Structure formats: structure tokens, C-alpha cells
Amino acid sequence: MLPLPMSLRVGICAAGMAFATAAPASAAVSASQQPTREGSAEAWESDLPSPADYLGFPVGADRQLADWSQVTDYLSALAERSDRIRMDTLGTTTLGRPFVLLTISEPRNLASLDEILATQRILADPRLLESAGQLEDAIEAGRTIVLITCSIHSTEVGSSQVPMRIAYRLAASREPDVVEVLRNTVVLLVPSLNPDGVDLVVEWYRETVGTPWEGVSPPFLYHHYVGHDNNRDWYAFTQIETRLAVEKIHNIWHPQIVHDIHQQGSFGSRFFVPPWIDPIEPNVDPLLVSSGNALGSEMAWALLRTGKQGVVLNATYDAWTPARAYPHYHGGVRLLSETASAEMATPLEVGSDELEPGRGFDPRRRSWNFPEPWEGGTWRLADIMGYMEAGAFALLRHAARYREEWLRGFVSIGERAVVGWERWPEAWVIPADGGGEEAGRPTGWREIGVAELIRILLTGGVEVGRAEAPFAAAGRTFPAGTYVIGMHQPYASFAQTLLERQEYPVTRAYEGGPVRRPYDVTAHTLPLLLGVEAIPVEESPAVPLEAVRWPPSPSTSLEHAAGLAGTYRRIALYQPFDPSIDEGWTRWLFDRYEVPYASVHNQDVRDGSLAGYTALLLPSVSAEVLREGREEGTVPGRYAGGLGDAGAAELRRFVEEGGTLVALNRSVTYAIDVLDLPVRDVLEGLEETEYYAPGSLVRLDVELGHPMAVGMESEAAAWVEGGHAFEPAQDSAVRIVASYGKDPLLMSGWLQGEEYMAGLPALVDVRLGKGHVVLFGFRPQYRGQSLATYALLFNALKL
């Protein structure tokens with residue numbers, strides 16, 4: 001059992017009162033009838049510009065979207081005129097746009113931000129509390145810190161527009177509820193976590209209006225490198241925008257509540273809020289789970305009271321991976337809301353017969369977690385923004401009304417972390433040389449891996465020490481300089497979830513029935529991904545520790561990394577117009593490690609323009625996309641089509657004349673087929689009930705004699721998502737570079753049907769004419785994290 005401090009008991013009791021004191025439901029009206037302004041004209045500041053006044057069109061109007069400069073110009077003008085708003089530029093994005101933050105509260109709070117921030121730092125770390133009296137003073141002086149983040153996924157266009165309405169209402173309204181919000185909270189509003197994507201998508205949408213492809217998704221990633229995966233970067237911190245949000249907002253303010261405003265598909269519920277479905281990652285504090293349940297349920301209740309139909313909770317989304325949930329390991333609730341989408345800003349007609357059952361509910365039927373279905377009809381941007389705004393203000397009202405309870409619960413979570421959980425070790429030990437079978441002789445890759453691990457932990461607020469003398473622990477002797485992470489600290493849960501191996505709790509639809517598919521990936525064990533050791537110890541090492549402030553700074557050049565010296569000639573990276581996140585991560589990796597490359601498209605391949613390259617990399621893309629691409633008439637002609645027969649013929653010619661074709665994960669299916677390779681994928685055609693890999697870490701046994709194995713050890717962890725296992729034809733020109741392990745195969749996460757792949761080749765080199773075709777059955781560069789297998793990829797490009 002976890003310790004239960006008095007402050008926790010108070011928080012639970014008060015949070016439970018939220019339902020008993022809410023107002024009765026009002027008469028239902030349609031979503032599009034909800035006014036932005038509530039109350040009489042006297043309840044609003046008349047001298048502040050509304051978004052419509054400033055932009056010249058109502059925010060939420062059909063086929064109208066403000067771009068990033070319009071959004072920020074309006075918010076800047078509002079901040080200049082309002083004494084409730086402060087606007088700051090925190091840095092610049094990947095493509096050089098301003099990344100901004102609005103701080104919103106009553107003028108007296110804004111004038112005292114330094115004092116409020118100092119109080120929040122004390123509440124965030126219970127070790128700073130010296131007496132019960134100091135705690136009570138801090139609770140009295142503190143405010144609920146609410147961070148609202150918008151528009152991380154840029155095609156979810158309502159999320160980039162609604163911040164203007166939220167900010168205007170907070171700045172201009174004299175409604176009693178808004179006044180209470182301003183008095184009892186500090187609202188941190190990030191208008192977009194991806195400003196580059198706002199402009200990319202708005203420009204694309206404006207070009208498509210009035211064409212047959214109006215409102216379709218763009219032919220490029222809406223984040224320069226990682227597209228949709230920018231919301232999977234909340235523990236690796238690879239992207240500039242993630243680091244700005246974490247280092248300059250989360251780690252400064254330690255918000256109790258983070259409201260993450262998203263959109264979802266068009267044919268399910270109109271609005272989702274937690275409770276989450278199972279599983280919930282085991283290092284998330286139970287109080288965070290219960291307070292998030294209460295907050296989400298009250299938001300759903302509030303929307304239903306105002307006539308918003310189609311609201312669901314406890315459906316679709318789980319809380320397993322920390323990749324989407326930084327607050328869960330830092331004392332805060334992540335409150336995700338998902339509003340149904342239109343075709344960007346173009347209205348969408350949805351028939352009742354088009355509504356599709358989802359995970360945990362059926363949008364055509366009432367249920368306990370979906371009490372009032374939406375019957376279908378026209379769904380437009382105004383509806384989207386109406387639901388978003390209503391949800392945001394329901395959350396803010398709760399945060400203001402239960403300010404004291406949120407602060408006491410926040411302190412309790414920190415107290416429990418400092419006391420330590422029964423399931424946690426006393427400490428984790430990380431050898432400075434990375435450990436492994438060649439401990440004491442660090443290779444470049446292990447050196448980089450340790451630096452990355454320490455960087456991630458420090459960025460996440462974890463306290464890291466470095467031993468000042470040798471010490472013994474877990475039956476081993478460790479030298480001075482070894483890293484030690486004590487597990488009695490406020491953010492120990494963040495360290496634990498990233499350092500331990502995951503055992504995903506499989507659930508079934510019913511007893512003896514099929515396994516429920518995980519919403520996302522099931523593993524996140526950083527030591528395995530980075531190829532380093534992390535050892536849990538049950539007694540704190542008896543050695544003086546020097547506090548680590550900065551991660552070590554190894555060279556990141558390929559020449560330093562495990563002897564990977566060699567000249568990279570001309571590398572081509574295939575970029576489909578049906579955007580591939582895997583392609584984006586590969587570009588990021590090449591830029592990160594200064595690998596020279598050029599992006600090539602369908603026409604380049606079909607026209608025979610590969611002659612100047614020595615290697616072509618196909619990222620993980622389906623065979624259908626590679627062959628056919630996007631359908632004619634659904635996008636402008638230059639983006640339609642795939643490689644086709646001409647492209648396949650050019651690929652064969654390229655390899656036979658001496659080029660190297662590298663196919664990653666899903667692309668191997670295409671390569672095997674069009675090049676008629678003497679290899680069979682034994683996993684192809686298996687049903688999900690037989691084999692299913694949603695994203696797991698498995699053991700990889702490496703043949704060290706192959707040129708691709710330079711810099712590798714004989715065993716590594718490989719990321720399998722989907723996955724492929726090979727069976728070469730007898731007497732064929734196929735060389736096995738690495739095979740999946742067995743007894744055990746699975747290292748972290750969950751995998752169904754591992755018997756189908758255990759012991760089989762996972763990476764093969766196929767000779768074709770004068771060249772090579774390299775087939776990766778796994779993702780060697782997964783989300784910029786799987787450094788343990790980078791060497792295999794880089795070496796493949798030099799064959």
C-alpha cells in the first residue's frame with residue numbers, strides 16, 4: 001500500500017463533492033447555437049478587440065482559417081490592451097517561427113507572478129516544506145496552475161483557432177465564473193505546440209478550397225520531421241518544440257492540470273474526455289488517476305447540461321505510454337479532449353448510418369459512458385470550436401472552484417514519491433561506460449547512449465548523482481563516475497517508467513475472447529532502446545554523490561561512433577506524397593548525425609534519376625502506397641500516383657548496376673515482390689489473433705562477421721512494430737545479418753505469437769546483380785530512440 005497523507009484524504013473528499021454541488025442540467029440546444037459571449041453586454045469589456053473584429057471574419061466560419069502570423073498578431077494585440085494577459089515568445093520552432101505562451105490571470109496575480117511561482121515550486125517539492133504552518137501558508141497563497149496546449153496536430157484545425165476565443169473570453173468577460181477562474185488560477189495558454197504546422201496546413205487548405213480535393217490531408221508531414229509523432233515525443237524530447245514546452249513551461253510552472261486540446265475522427269463521438277480505458281501505466285499515481293476521472297466526468301456533465309450531444313468518456317484512449325503523458329509523471333493530470341473533425345474548415349455531412357462503433361462505445365446507442373448520442377447531420381468548424389471552448393471553460397471552472405483541493409492533492413503526490421513506492425527499487429545504477437558485454441571499453445554508440453539517457457532524465461526533472469568513489473551494489477563493483485538515481489525524489493516515477501522493462505497487462509473483450517488491441521505501443525524501456533545498462537538496487541549505494549547538472553557531451557560524429565568511419569556517397573531517401581512518419585524520423589536522424597542525403601519522389605524514381613546515387617532508402621511504407629500512391633483526382637496531379645511499373649523497373653536496374661536498396665519494416669513486402677527476391681516473409685498473411693506486434697522490444701542476435709555489424713555487439717534490442725521475419729530460399733544469395741532471439745524473445749512490452757518469429761532472420765542482405773537489397777524486419781531508427789540498432793542502418797547505406 002502507498003502511504004496516505006492527510007493532505008491526500010482532504011483532496012479526495014473535496015474532489016468527490018464536485019458532483020454533489022453542480023447545477024441541474026439546462027434545456028438542450030444545438031451545438032451551433034451556442035454563443036461565444038454569455039450574459040449581458042455589460043458583462044464584457046467593450047474596448048478589447050474580438051477575434052472577428054481583428055481578423056475580419058468570425059473565428060470558426062466555414063472555409064476560413066487564420067494562419068500563425070494572424071493568430072499571434074491578434075493575441076499580441078489583445079495582450080497589449082488587456083491587463084489580464086501577458087504574452088511571451090519562448091523561442092523559435094524547427095522552421096524558425098515564434099513559439100509563444102500566454103499567461104492569463106487577474107491583474108493582481110499577474111503582478112505577483114514571481115511570488116506565485118515561488119509558492120508553486122515549494123508545493124512541487126515537499127522536501128522544501130519545513131512545517132505544517134508553511135504548507136498551510138503555501139496552500140493559501142497558491143493558485144491552480146492550468147496549462148492549455150493546442151494544435152500539436154495541425155490538421156486538427158479547430159485547435160489552432162480556438163485559442164483566440166479562449167483568450168478573448170478570459171480577457172474580456174466579467175462573467176462571475178470567469179472572474180473566479182482569473183482569481184484562483186493562472187492559465188498558461190500555448191496557442192500551438194506546432195506553429196510550423198499551422199502555416200503548412202492553412203496554406204495547403206487555402207489552396208484546395210474550391211477544388212475537388214478541398215479539405216483533404218496535405219501531401220507532406222505537418223511537422224517538418226515527425227508529423228503526428230510530435231505527440232509521442234514527451235519522454236525522449238528530440239524535437240525543438242517539445243523541449244521548449246518542457247523546459248520553459250512544464251519544468252518552470254509544474255502545472256496541476258494540463259488540458260491537451262485535440263480532434264479525432266469524424267464518424268464516432270463528438271467529444272471525448274477521460275476517464276481513460278485500461279491499462280494505465282503502473283507508475284502513474286492513483287490520485288492522479290482518480291482526480292483526472294473526476295475532472296473529466298465533470299467536464300462531460302457540463303457539456304451535456306448545455307445541450308452538447310455525443311459526449312463520451314472512458315472509451316478509445318488509454319494511459320499506458322509516457323510518450324503522450326509527461327504530466328502524469330510530474331504531479332499533474334493530463335486531461336485530453338478529442339473533438340470530432342470536419343474536413344478541416346469545410347462542413348461535413350454525417351449520416352446516422354455512417355457513425356461507426358468505437359472502442360468501448362457505440363455512437364448509435366446510449367450507454368453509461370455515452371448517455372446522449374448525436375444523431376448525425378452537418379458538422380462544421382463552428383461546432384468543433386463550440387465543443388472545445390465549452391470543454392476548456394468547464395475545466396477552468398472546476399480548477400478554480402477546487403483550487404485548494406488541487407493544491408493539496410498535488411502536494412500529496414509529491415510526498416508519496418519522496419517516501420517511495422513499494423514497487424520501486426531504492427536506486428538505479430547506470431555505468432558511465434554503458435555496461436554490456438564489453439564493459440570498461442566504451443564504444444561510441446554506448447557513450448552516446450549514456451549521454452542520451454542522462455539528458456532525458458535531467459530534462460524530465462530527475463535528480464541524477466555521480467559516484468565520487470567506487471562502490472558495491474547488486475553483487476557488483478562500480479567505479480567512481482557511475483551514475484546513481486535515487487528513488488526518493490518528486491519525479492522518481494518518470495525515472496522508473498523509463499528504466500524498467502514493461503509487462504503490458506493484456507485484456508480480452510470477454511473471458512476466452514480476443515485480446516483487446518493496445519491503443520499505442522507497449523514498450524518504452526530506454527536502456528534497451530539506447531543499448532546501455534541500468535541496474536535496480538534494493539539498497540541505496542553507500543557512496544558520496546556529486547549532483548549532475550548537465551549530461552556528458554560525447555562526440556556525435558559517425559567517425560567516433562563505434563568505428564563507423566567511411567565515406568558516405570550519395571544517399572537517396574524516398575519521400576512519398578502519402579506522408580510517412582518513418583520517412584520524417586529518418587530525415588531527422590540523418591540531419592542529427594550529419595549523414596548527407598537527398599529526398600526523392602515518385603517521378604524521380606520513374607524517370608531514372610537514381611543514377612547519381614549509391615544507396616536508396618525506402619522508409620516503412622505499405623506496398624500499396626509504394627505502388628499506387630494517392631488516387632488521381634483526390635490531390636493535385638503532381639502528388640498523385642506511386643512508383644508504378646516504371647519505378648519498379650528502375651529500382652531493379654539501380655540495384656543490378658551496383659546500388660544498395662535498403663527497405664525498412666513495411667517496405668520489405670514491396671521490395672520482395674517487385675524484385676522477386678528469394679526470400680519469404682513468414683509473418684505475411686497471419687491473422688492478428690495469431691501474430692500481433694503493436695510496438696515491442698525483442699532480442700536481436702547479430703552476426704558480427706558481416707560488414708553491417710560493425711559497431712554492434714552480439715546481442716541488441718530491436719523495435720518490432722508490425723514486423724517481418726524471413727525465410728531465405730535454399731542456396732540463394734542471401735546473407736543473414738541478424739536473427740530474432742528465442743528463450744526469451746520478448747524483452748519489453750507485449751507481443752502475440754512470438755513463436756512465429758523466434759529464431760528466424762530479422763535482417764538480411766540479398767545480392768542482386770552487382771548490388772544489394774537490405775531488408776530490415778524491424779524499425780532500426782524508431783522515433784529517434786532506438787540507438788542500439790542505428791549502426792546496422794548506417795552501415796547498410798555503405799554496402
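**Entry 1. S337**

I looked up S337 and placed it in strand 10, residues 333-340. The model is a predicted one. I then checked burial: S337 has a relative accessible area of 1%, under the 20% cut-off, and therefore counts as buried. I listed the contacts of S337, setting aside neighbours within four places in sequence, and found H259, D260, I261 and H262, together with F271, F272 and V273.

**Entry 2. T497**

I turned to T497, which is found in helix 16, residues 492-499. T497 is buried as well, with a relative accessible area of 0%. Apart from neighbours within four places in sequence, I found T497 in contact with E281, N283, P322, Y329, Q502 and H524.

**Entry 3. A725**

Where does A725 sit? I located A725 in the loop between strand 26 (715-720) and strand 27 (726-728). The relative accessible area of A725 is 0%, so this loop residue is buried. I noted that A725 touches R680, D681, V682 and L683, and also Y740, M757, L760 and P761, with residues up to four places away in sequence not counted. I also took the distance from A725 to E684: the C-alpha atoms are 8.7 Å apart in space, while the two residues are 41 apart in sequence.

**Entry 4. Strand 28 and its partners**

I followed Y740, one of the residues touched by A725, to strand 28, which spans residues 734-740. Which strands are joined to strand 28 by bridges? I found three bridges to strand 25 (residues 696-702), and this pair runs antiparallel. Strand 28 is also joined to strand 30 (residues 761-768) by five bridges, again in an antiparallel arrangement. I looked at S739 for both pairings: D701 stands opposite S739, and P761 in strand 30 is the bridge partner of S739. P761 had already appeared among the residues that A725 touches. I recorded strand 28 as largely enclosed by the rest of the structure, because five of its seven residues are buried.

**Entry 5. Nonpolar cores**

I next looked up the largest nonpolar core, which has 196 residues. Within this core, L170, Y740, F776 and F778 touch the most other members. Helix 13 supplies the largest share of this core, 12 residues. I also noted a second, separate core of 33 residues, with L610, V621, L651 and L768 among its members. For background I wrote down that nonpolar side chains tend to be buried together in soluble globular proteins.

**Entry 6. Helix 13 with helix 14**

I examined how helix 13 (residues 381-401) meets helix 14 (residues 403-419): their axes come within 4 Å and cross at roughly 80 degrees. This angle lies between 65 and 115 degrees, so I entered the two helices as roughly perpendicular to each other. H398, A399, A400 and R401 of helix 13 meet R403, E405 and W406 of helix 14. By class, I recorded three nonpolar, one polar and three charged residues in the contact of helix 13 with helix 14.

**Entry 7. Helix 4 with helix 8**

How do the axes of helix 4 and helix 8 cross? I found that the axes of helix 4 (residues 68-81) and helix 8 (residues 158-172) come within 10 Å and cross at roughly 5 degrees. That is under 35 degrees, and the two helices are therefore roughly parallel. From helix 4, V71, Y74, L75 and L78 meet S160, P163, M164, A167, Y168 and A171 of helix 8. I classed the residues of the contact of helix 4 with helix 8 as nine nonpolar, one polar and no charged.

Notes: Residues are numbered from 1 along each chain as its sequence is written. This is a predicted model: local features need pLDDT of at least 70, side-chain atom pairs count only at pLDDT 80 or more; totals for chains, interfaces and linings use all residues. Side-chain values use heavy atoms; hydrogens and water are left out. Buried means under 20% relative accessible area, exposed over 50%, partly exposed in between (1.4 Å probe, protein chains only). Contact means heavy atoms within 4.5 Å. Two strands pair if DSSP finds at least two bridges between them. Axes are lines fitted to C-alpha atoms, for helices over the stretch in contact, and angles run from 0 to 180 degrees between N-to-C directions. Angles under 35 degrees count as roughly parallel, over 145 as roughly antiparallel, 65 to 115 as roughly perpendicular and the rest as oblique. Ala, Val, Leu, Ile, Met, Phe, Trp, Tyr, Cys and Pro count as nonpolar, Asp, Glu, Lys and Arg as charged, and the others, Gly among them, as polar. A nonpolar core is a set of buried Ala, Val, Leu, Ile, Met, Phe, Trp, Tyr and Cys residues joined through side-chain atoms within 4.5 Å.
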